[in-house]
Amino acid sequence: MNIKLLNKKSEVTISELLVFGVFEDFRNLDVLSNEISEYLSVLKEQEKFKASFGEEISAVIKYENVYKNVLIIGLGKSEELKSEKLRKLIAKIVRKANELKLSSAELNLINTSELVSKETLEVIAETAILTNYKFDKYKEKKSQITLNELNLVIGDIEKIANYSSALAEAEALALGTILARDLVNEPANVLNPKELAKRASEAGEKNGFEVEILKEDKIEELGMEAYLSVAKGSENKPRFIIMRYLGDPDNKEKIFGLVGKGLTFDTGGYSLKPTAGMVTMKSDMGGAAAVIGAMASIAKMKLKANVTAVVAACENMISANSYRPGDIIGSMAGKTIEVLNTDAEGRLTLADAVHYIISKERVNKVIDLATLTGAALVALGTTTTAVVSNSDEFYNDLQIASNPADEKVWRLPAFDEYKELIKSDIADLKNIGGPNAGTITAGLFIGEFAKDIPWIHMDIAGTAWSENEHDYITKGGTGVGVRTLYNMIKNNTK
Ligand code: BES
Ligand code: MG
Ligand code: ZN
């Protein structure tokens with residue numbers, strides 16, 4: 001979508017749909033054109049429109065002597081219009097424009113100058129692009145997305161110059177999020193570990209980060225036995241994906257680490273999933289998608305930071321060669337693991353990936369993202385990402401970074417008592433902690449491999465995938481994590 005900031009106030013508009021937002025107190029309507037302010041006064045007098053949040057009136061009216069599609073949107077109380085609510089309104093506007101089969105829309109912000117800031121313009125642009133997203137490459141009849149131009153009328157030349165960088169950032173963040181959505185939505189017969197590695201390489205080439213791919217022999221040489229145990233049941237061989245972005249070469253030893261769970265499909269292995277639980281398991285690389293998407297956005301915006309991301313990509317399948325419940329396996333860190341459930345595979349791949357990124361890539365902080373447990377859905381549903389961390393300060397940074405993205409996070413306790421639950425009688429660790437506190441024990445299992453550096457684990461099992469379309473979220477992959485990670489890295493450069 002082509003998004004522009006416009007200065008014009010009274011020239012004949014070029015957009016097909018004119019959108020005006022109105023606060024509940026009907027403030028500042030006099031600054032709008034006569035036709036519109038008169039129209040709004042009539043609506044108000046007749047009490048047909050109260051401008052409460054989300055209320056909408058769609059009409060064709062004469063505007064500067066031309067008939068135009070006009071959409072009036074109620075903004076509610078200005079003090080209550082936070083970014084999350086603004087996103088809902090923008091999604092509504094974009095969906096309306098597509099429903100009316102219009103190709104261009106103009107959002108007039110002259111009477112709502114409260115909404116003209118770097119932050120809000122970014123929210124508007126980002127949300128508009130994300131709402132327009134569709135995954136229809138396999139459909140003969142493509143979706144009816146008509147809107148391809150959005151003009152934001154802010155009416156001030158100076159501001160236009162100041163705020164154009166907000167649009168560039170919004171576009172970079174939308175690009176990373178869409179890349180993540182595409183990767184999640186791609187089916188597992190197409191997106192196997194090799195293809196995921198190829199897509200990461202392409203993203204690196206396009207946006208400016210280095211990508212190194214390790215094949216099985218190299219992975220074996222590194223001693224990643226936990227990861228390889230999961231991978232060995234599949235004909236599709238694993239790929240260990242390493243992405244490096246060096247945006248702050250003067251501080252080479254300061255490196256931020258990202259790790260994404262990259263199960264391109266999870267059948268559960270011999271601890272087989274039931275049909276209903278398996279059907280969306282192409283999304284079990286949502287963590288990988290988030291870190292690849294974030295790397296794309298970070299590199300695109302040339303952030304002054306060093307970031308290394310890794311993905312231990314593989315497939316959890318059944319074959320004569322698969323690992324079994326009861327197996328005791330090793331790991332790159334040297335710890336032995338009793339496998340009590342082959343469906344708790346993500347933590348095994350992440351254990352080696354986290355150990356690798358700390359010991360070989362020398363990152364100073366690490367965040368892992370993983371569609372790790374069904375228990376995260378039970379605990380927090382589909383709106384909030386569950387977090388386990390060993391650092392109050394680092395978690396505080398995450399909360400700050402997640403706010404402007406409107407991606408909700410919630411920290412779970414990580415008391416030592418929970419760590420007892422993953423101790424094995426016959427190995428150093430076991431890969432399940434019993435029926436209780438599943439998200440915590442899964443997270444703490446990974447934490448065992450994080451050494452002493454600040455570490456955050458984000459369980460995105462509930463948030464990486466949406467069963468329905470709502471607001472700016474489309475059905476399927478959500479791209480969750482990309483924007484929060486980007487903000488995290490950006491804030492870390494200050
Ligand atoms: N990939 C799943 C977790 C998952 C479930 C993601 C639902 C998205 C939606 C993970 O590998 C898994 O199977 N976890 C098990 C762990 C259990 C065996 C301890 C689970 O949650 O059931
Ligand atoms: Mg599993
Ligand atoms: Zn899994």
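# Ligand 1 and its surroundings in a predicted model

Strand E9 (256–266) and helix H11 (374–380) each contribute at least two residues to the shell around ligand 1. The model described here is a predicted one, and this briefing begins with that shell before turning to annotated positions and then to the strands. In the shell around ligand 1, seven residues are charged, five are nonpolar and four are polar.

**The surroundings of ligand 1**

- Ligand 1 has 16 residues around it, and those that come nearest are Lys273, Asp284, Asp343, Glu345 and Gly374.
- Asp284 offers a side-chain N or O atom that lies 2.9 Å from a nitrogen atom of ligand 1.
- For Glu345, the distance between an N or O atom of its side chain and an oxygen atom of ligand 1 is 2.8 Å.
- Lys261 also takes part, with a side-chain N or O atom placed 3.2 Å from an oxygen atom of ligand 1.
- When ligand 1 is taken alone it exposes 520 Å², and 77% of that area is buried by the protein.

**Annotated positions**

- An unreviewed UniProt entry places the feature "binding site" at Asp266, Asp343 and Glu345.
- These three positions span 80 residues in sequence, but no two of their C-alpha atoms are more than 8.4 Å apart, so they gather at one spot.
- Two of the annotated positions, Asp343 and Glu345, are also among the residues that come nearest to ligand 1.
- Asp266 belongs to strand E9, and because its relative accessibility is 2%, under the 20% cut-off, Asp266 counts as buried.

**Helix H9 and a pair of distant residues**

- Gly287 is found in helix H9, which covers residues 286–300, and with a relative accessibility of 0% Gly287 counts as buried.
- Between Gly287 and Ala376 there are 14 Å in space, measured out from C-alpha to C-alpha in the model's coordinates, and the two residues are 89 residues apart in sequence.

**Strand E4 and its partners**

- Strand E4 (residues 66–76) has 11 residues, of which eight are buried, so this strand is largely enclosed by the rest of the structure.
- Strand E2 (residues 17–23) pairs with E4 in the parallel sense, and seven bridges join the two.
- Within that pairing, Leu18 has Val70 in E4 as its bridge partner.
- Strand E3 (residues 56–63) runs antiparallel to E4 and is joined to it by eight bridges, with Tyr63 standing opposite Val66 in E4.
- E3 and E4 form a hairpin in which two residues lie between the strands, and Glu64 in the turn has a positive phi of about 50°.

**A sheet of three strands**

- Strands E11, E12 and E16 make up an open sheet in the order E11-E12-E16, and the pairing within it is mixed.
- Strand E11 (328–329) and strand E16 (429–430) stand at the edges, where each has a single partner strand, so one side of each is left without a neighbour in the sheet.
- E11 pairs with strand E12 (residues 337–338) in the antiparallel sense over two bridges, and Ile329 has Ile337 in E12 as its bridge partner.
- In general, strands of a sheet pair through backbone hydrogen bonds, and the pairing is either parallel or antiparallel.

Technical notes. Residues numbered from 1 in each chain as written. Chains lettered and ligands numbered in written order. Predicted model: local features only at pLDDT ≥ 70, side-chain atom pairs only at ≥ 80, totals over all residues. Heavy atoms only, no water. Near = heavy atom within 4 Å. Polar contact = N/O pair within 3.5 Å; in protein donor to acceptor, adjacent residues only side chain to side chain. Areas by Shrake-Rupley, 256 points an atom, 1.4 Å probe, with all protein chains shown as cover. Helix = DSSP H or I, 4+ residues; strand = E, 2+ residues; numbered from the N terminus. Nonpolar A, V, L, I, M, F, W, Y, C, P; charged D, E, K, R; others polar. Pairing = 2+ DSSP bridges. Buried < 20%, exposed > 50% of the residue type's maximum accessible area, 1.4 Å probe, protein only. UniProt positions renumbered as here; feature names shortened; annotations may be inferred.
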